[in-house]
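Please open the model in your viewer and keep a selection tool at hand, as each stop on this tour names what to select and then says what is there.

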Amino acid sequence: MKRLVYTIIALFAFLIFAFFTESKHDTKFGQKPVVGILQTMSHPALDQIHHGIIKGLKDEGYINGKNIKIKFENAQNDQSNLKSMSDQFQNDNAAAVIGIATPAVQSLANENGNTPVIMGAVSDPLGTSLVKSLKQPGGKVTGVQDQQPIQAQVNLIKEILPDLKNIGVIYTSSDDSSTAEYKEFKKIAEKQGLIVHAYTITSTNDIEQIAQTMSQKVKAVYVPTDNTVASGIATLLKATNAAHIPVFPAADTMIKSGGLATRAVSQYDMGILTGKMAAQVLKGKDPANMPVQKVKDYETVINLKTAKNLDIHLNAKIIHAAQRKGRIIK
């Protein structure tokens, strides 16, 4: 009789343990694959990529709370946050992780293990050694390359300012992607007769002084896809507007902030493509064999209010291009 009682008690204890263990698992993961999204910092361009990722996953049938659990973290441009958040995704046994901008992707890729890493808009995946080749990444990292149409951007600048000779470029010296984009811009711009003056910053705290110095020497400013400059775009524009100098940003979101014009790939569209690639990984594809992709179509985005304030004429051809495929900010 006692043996039966002990057996029943032991069985009851086991069932209680199993129940709470399973309940804990349900609370943490909801029995759904975890998709981690790590954003380097907050600003409109990266936020648009994030929104696009959610849309891309949804288009492929993956909806947060329904058949996946999305865990989103924003490092706010803090390297220690990037590391700890990447570690947390690893502890969560994420099925896939997505990095928005190069520092986030690098942090995720540096984690031990084979968790697939999807690049959300990285300008130079080869130069940063995130992949072995664009066609055959060869490891756990694949995703979307942020390749802006720099030749088209230079053409637009020359079309708006045909007499321009000196143009400044401001970028973050420690940002590998924006540095690579600056070099490409310099090469193309110099072939078209422009003299390019480079100005580097290390943080947003440098922007005000650099912008004032730059405004005394150049007649226009180009901003590559640079997270730090984007975060301090208001400071840059305050100085350039005071000097009556137009700013041509690579990212379309900076036109709304007061940039004059750009021909750029949509950040939102890059996010959608990133989300769709993440979905393919969730369906079982190996990132090592998934070619890096990019959004090929670009838009013309112009700010008429900025043009008026700077007394710059935008011809009918440019306005029509923005109407046909792009946006006009008034």
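Begin by selecting Q76, which sits in the loop between β2 (69-74) and α3 (79-91) of what is, throughout this tour, a predicted model. Coloured by accessibility, Q76 comes out as partly exposed, with a relative accessible area of 49%. Now add S42 to the selection: although Q76 and S42 are 34 residues apart along the chain, their C-alpha atoms are separated by 6.2 Å, and the side chain of Q76 makes a polar contact of 3.2 Å with the side chain of S42. If neighbours within four places in sequence are left aside, the residues in contact with Q76 are T40, M41 and S42.

Next, move to Q39, which is placed in strand β1 (residues 34-39). Is Q39 buried or exposed? Its relative accessibility is 1%, and a residue counts as buried when that value is under 20%, so Q39 is buried. Show the side chain of Q39 together with the backbone of M41, and you will find a polar atom of that side chain 2.7 Å from the backbone oxygen of M41. To see the surroundings of Q39, select L46, D47, H50, F72, E73, N74, A75, I100 and A104, which are the residues that Q39 touches once those up to four places away in sequence are not counted.

From here, select N227, which lies in helix α8 and is buried, with a relative accessible area of 10%. Which residue has a side chain joined to that of N227 by a polar contact of 3.2 Å? Displaying H43 gives the answer, for the side chains of N227 and H43 are the pair in question. Beyond four places in sequence, N227 is in contact with M41, H43, L46, A101, P103 and D175. Two of these names have come up before, as M41 is among the contacts of Q76 and L46 is among the residues touched by Q39.

D175 leads on to the next stop, K187, which is found in helix α6 (residues 176-191). The C-alpha atoms of K187 and D175 are separated by 19 Å, the two residues being twelve apart along the chain. K187 itself is partly exposed, at a relative accessible area of 45%.

Now select helix α7 (residues 207-215) and view it down its axis, with the side chains of its buried residues, I207, I210, A211, M214 and S215, switched on. These residues lie on the same side of α7, because they cover an arc of only 130 degrees around the axis. Which elements do they pack against? Select β6 (166-172), β7 (195-201), β8 (221-223), α8 (227-231) and α9 (233-242), and you have the partners of the buried residues of α7; one of them, α8, is the helix that holds N227.

Follow the chain from α7 into the loop that leads to β8, where K217 is found. With a relative accessibility of 53%, K217 counts as exposed. Not counting residues up to four places away in sequence, K217 touches N166 and Y199. The C-alpha atoms of K217 and G168 are separated by 8.1 Å, whereas the two residues are 49 apart along the chain.

Two further residues are worth selecting for their backbone angles. Most residues other than glycine have a negative phi. A121, in strand β4 (residues 117-122), has a positive phi of about 70 degrees although it is not a glycine, and A121 is buried, with a relative accessible area of 8%. S129, in the loop between β4 and β5 (141-145), likewise is not a glycine and has a positive phi, here of about 60 degrees, but S129 counts as exposed at 62% relative accessibility.

Finally, clear the selection and bring the whole protein into view, with its 13 helices and twelve strands. The C-alpha atoms fill a box of roughly 100 × 40 × 35 Å along the principal axes, and buried residues make up 50% of the 330 residues. Among contacts with a separation of 6 or more, 72% are between residues 24 or more positions apart. With the surface shown, about 16000 Å² is exposed, of which carbon and sulfur atoms supply 52%. If you colour by charge, the 37 positive and 28 negative charges have mean positions that are 4 Å apart.

Methods: Residues numbered from 1 in each chain as written. Predicted model: local features only at pLDDT ≥ 70, side-chain atom pairs only at ≥ 80, totals over all residues. Heavy atoms only, no water. Buried < 20%, exposed > 50% of the residue type's maximum accessible area, 1.4 Å probe, protein only. Helix = DSSP H or I, 4+ residues; strand = E, 2+ residues; numbered from the N terminus. Arc of directions from axis to C-beta. Contact = heavy atoms within 4.5 Å. Polar contact = N/O pair within 3.5 Å; in protein donor to acceptor, adjacent residues only side chain to side chain. Areas by Shrake-Rupley, 256 points an atom, 1.4 Å probe, with all protein chains shown as cover. Lys, Arg positive; Asp, Glu negative; His and termini not counted. Charge placed at Lys NZ, Arg CZ, Asp CG, Glu CD.
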